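Work through the exercises below with the sequence and the structure at hand. Try each task before reading its solution.

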Amino acid sequence: MRSDSWLLGKMGSTGLTLALVLWGAGVRADIVQSPPGLSEFSFQLHVTPNAANSYAAVTHPEKWWNGAHSFSGDAANMTLEAAAGGCWCEKLPAGGSAQHMRVLTAIPGALLRLSGGLGPLQEQPMTGVMTWSFKDDPKGGSTIDFKYRLAGASDLPAGWPQAVNGVLSGQMQRLQNFLDKGAP
């Protein structure tokens, strides 16, 4: 895993500002690029609710996801069925729909694993696996470990991992706010 200083050096001044805001809010973020064609985005959140309640909140993206990063423009159109084979889906106008990800593993209060590509990654010849792990903190609250691994080819412009990290960082901040304050 690369150090935070490497990450901050690659992000530029706007990314540095976002990283400092997130660091102060208790969200830790890393981008890991191993072999060519493999990227990993990693976040750790320390939140007020216990692991069971944090898991339950994550399974309701309509309450914390930023609708600007959806196909319909409104996160209220999203649902996530937290069961193996379940869909993180979105209703679209005129009876349309979009599948963002498919649930691989759902262990309430402990683990949620999904497969798929978010946003423009959906049309790339890539495989994505998103893993959420939840643990109660003996001092109170819980820790959420988030990893999103992407493998495969991409015709996206150079720097796309930083763009994905920026979107995910914003979503993690919204989740943190929702869990700690009841609003994204």
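## Order of the elements

From the N terminus on, the elements of the protein follow the order α-β-β-α-α-β-β-β-β-β-β-α. The model is a predicted one.

**Exercise 1.** State how many helices and strands the protein has, and what share of its residues is buried.

Solution.
- Step 1. The protein has four helices and eight strands.
- Step 2. Of its 184 residues, 41% count as buried.
- Step 3. Among the contacts with a separation of 6 or more, 51% are between residues 24 or more positions apart.

## Strand pairing

**Exercise 2.** Work out how strands β2, β8, β7 and β6 are joined, taking one pair at a time.

Solution.
- Step 1. Begin with β2 (residues 38-47), which is joined to β8 (residues 142-152) by 10 bridges. The two strands run antiparallel. For one of the bridges, His46 has Thr143 of β8 as its partner.
- Step 2. Go on from β8 to β7: these two pair over 11 bridges, in the antiparallel sense. Here Thr127 is opposite Ala151 in β8.
- Step 3. Then take β7 (residues 126-136) and β6 (residues 111-115), which are antiparallel and joined by five bridges. Leu111 has Ser133 of β7 as its bridge partner.
- Step 4. Put the pairs in a row: β2 is joined to β8, β8 pairs with β7, and β7 is joined to β6.

**Exercise 3.** Is β2 mostly covered or mostly uncovered?

Solution.
- Step 1. Count the buried residues of β2: seven out of 10.
- Step 2. The strand is therefore mostly covered, where buried means under 20% relative accessible area.

## Phi in two loops

**Exercise 4.** Find the sign of phi at Gly140 and at Ala94, and say which of the two residues is not a glycine.

Solution.
- Step 1. β7 and β8 form a hairpin with five residues between the strands, and Gly140 in this hairpin has a positive phi near 120°.
- Step 2. Ala94 is in the loop between β4 (87-91) and β5. Its phi is near 60°, also positive, and Ala94 is a residue other than glycine.
- Step 3. Most residues other than glycine have a negative phi.
- Step 4. Ala94 has a relative accessible area of 88%, so it counts as exposed.

## Three residues compared by exposure

**Exercise 5.** Sort Met78, Arg102 and Pro108 into buried, partly exposed and exposed.

Solution.
- Step 1. Met78 is in strand β3 (residues 78-80). Because its relative accessibility is 2%, Met78 is buried.
- Step 2. Arg102 is part of strand β5. With a relative accessible area of 30%, Arg102 is partly exposed.
- Step 3. Pro108 belongs to the loop between β5 (97-107) and β6. Its relative accessible area is 65%, so Pro108 is exposed.

**Exercise 6.** List some contacts of Met78 and of Arg102, leaving out residues up to four places away in sequence.

Solution.
- Step 1. Met78 touches several residues, including Pro61, Trp65, His69, Trp88, Glu90 and His100. For Met78 and Glu90, 12 residues apart along the chain, the C-alpha atoms are separated by 4.3 Å.
- Step 2. Arg102 is in contact with Gly85, Gly86, Cys87, Arg113, Leu114 and Ser115. Its C-alpha atom is separated by 8.5 Å from that of Cys89, 13 residues away along the chain.

## Core and pocket

**Exercise 7.** Name the element that gives the largest share of the largest nonpolar core, and some core residues that touch the most other members.

Solution.
- Step 1. The core has 37 residues, and those touching the most other members include Phe43, Trp88, Leu112 and Trp132.
- Step 2. The largest share, seven residues, is from α4.
- Step 3. Take Leu112 as an example: among the residues it touches are Tyr55, Leu80, Val103, Met130 and Phe134.

**Exercise 8.** Describe the largest pocket by its volume and its lining.

Solution.
- Step 1. The largest pocket holds about 330 Å³ of space.
- Step 2. It is lined by 18 residues, and the closest to its centre are Leu118, Gly119, Pro120, Val164 and Val167.
- Step 3. Sort the lining by type: 14 nonpolar, four polar and no charged residues.
- Step 4. Helix α4 (residues 160-181) gives the most to this lining, with five residues.

Notes. Residues are numbered from 1 along each chain as its sequence is written. This is a predicted model: local features need pLDDT of at least 70, side-chain atom pairs count only at pLDDT 80 or more; totals for chains, interfaces and linings use all residues. Side-chain values use heavy atoms; hydrogens and water are left out. On a 1 Å grid over the protein atoms alone, a cavity is a set of points where a 1.4 Å probe fits but cannot get out, and a pocket is an open set with protein on both sides within 12 Å along at least five of seven lines; lining residues have an atom within 4 Å of a point. Grid points are joined across faces, edges and corners, and a volume is the space filled by probe spheres set on the points. Ala, Val, Leu, Ile, Met, Phe, Trp, Tyr, Cys and Pro count as nonpolar, Asp, Glu, Lys and Arg as charged, and the others, Gly among them, as polar. A nonpolar core is a set of buried Ala, Val, Leu, Ile, Met, Phe, Trp, Tyr and Cys residues joined through side-chain atoms within 4.5 Å. Buried means under 20% relative accessible area, exposed over 50%, partly exposed in between (1.4 Å probe, protein chains only). Contact means heavy atoms within 4.5 Å. Two strands pair if DSSP finds at least two bridges between them.
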